[in-house]
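User: I should like to go through the reasoning behind the labels given to this structure. Please set each value against its criterion.

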Amino acid sequence: MSNNILIKDNFLDSIDELRELACNTEHMSHKRTPVVVGWRGHRSWELSHLNNPIINDCYQKILNTALEFFNVEDYSMEMYFHISNSDNKYHQLKQWHKDPTPYAGVLYLSPDVPLNSGTTIFDNGKRIDVENKYNRLIVYPGKCSHGITEFIDDRRTVVVFIDTKEKVQKQIDLLTEIRLNS
């Protein structure tokens, strides 16, 4: 594996409760968002507005674990529930991408799915395939090209983007304004 990629199995004690929240939270299609977005599939609004103790605990644990692993301070995080599907042909054609944040990550929320439906990350020219295991967290530098290894139906995840507190707050404020006006 790579020293630049954080992988933690059995990450949350409350994973089943978090999955239930994810399954019962409204998601929007990338085709129906009020602004053009770079992601494909179905995504919730940024989760901080829900003020839910399970989501708050997940947020703190992911952020603290990532900050410690990457040895950085004073960062914050955006967090979303996300569903990807195998019928998304566009995403399969543009499978590899980079994120405009210092760090990005995924917490897998789908039990009993093919392991090869995880995430491929290209780190320093090396391809790393991370298996999709229920309750596995991965966090990696946003500058690394990455994407879904093999598409399946109903691939549920929590996706996170970690950046400076100022940039994250600016993004959350923008998303809140869009959400309230849509």
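User: In what sense do strand 5 and strand 10 pair, and over how many bridges?

Analyst: The model is a predicted one. In it, strand 5 and strand 10 pair in the antiparallel sense, with 6 bridges between them. Pairing requires at least two bridges, and the 6 found here satisfy that criterion. Within this pairing, leucine 107 has valine 158 of strand 10 as its bridge partner.

User: How do you know that strand 5 pairs with strand 8?

Analyst: The criterion is at least two bridges; strand 5 and strand 8 (residues 137–141) share 5 bridges, in the antiparallel sense. Glycine 105 stands opposite valine 139 of strand 8.

User: What makes strand 5 largely enclosed by the rest of the structure?

Analyst: Of the 6 residues of strand 5, 6 are buried, and the strand is therefore largely enclosed. Tyr103, Gly105 and Leu107 point one way, Ala104, Val106 and Tyr108 point the other way, and all are buried. In a regular strand, side chains alternate between the two faces of the sheet.

User: Why is cysteine 58 called buried?

Analyst: Buried means a relative accessible area under 20%. Cysteine 58 has 1%, so the term applies.

User: And why is cysteine 23 called partly exposed?

Analyst: The class lies between the cut-offs of 20% and 50%. Cysteine 23 has a relative accessible area of 35%, and therefore belongs to it.

User: How many disulfides does the structure hold?

Analyst: The structure holds 0 disulfides. A disulfide would need a pair of cysteine sulfur atoms within 2.5 Å.

User: Which residues of helix 1 are buried, and why are they said to line one face of the helix?

Analyst: The buried residues of helix 1 (residues 15–24) are Ile15, Leu18 and Ala22. Seen down the helix axis, they fall within an arc of 60 degrees, so they line one face. An α-helix has 3.6 residues a turn, so residues three or four places apart point the same way. The face of helix 1 turned away from the buried side carries the exposed residues Glu20 and Asn24.

User: Against which elements do the buried residues of helix 1 pack?

Analyst: They pack against helix 2 (53–70), strand 4 (75–84), strand 5 (103–108) and strand 10 (155–164).

User: What percentage of the residues of the chain count as buried?

Analyst: Of its 182 residues, 52% count as buried. The chain contains 4 helices and 10 strands. Among contacts with a separation of 6 or more, 80% are between residues 24 or more positions apart.

Technical notes:
Residues are numbered from 1 along each chain as its sequence is written. This is a predicted model: local features need pLDDT of at least 70, side-chain atom pairs count only at pLDDT 80 or more; totals for chains, interfaces and linings use all residues. Side-chain values use heavy atoms; hydrogens and water are left out. Buried means under 20% relative accessible area, exposed over 50%, partly exposed in between (1.4 Å probe, protein chains only). Helices (H or I, at least four residues) and strands (E, at least two) are DSSP runs, numbered from the N terminus. The arc is that of the directions from the helix axis to the C-beta atoms. Contact means heavy atoms within 4.5 Å.
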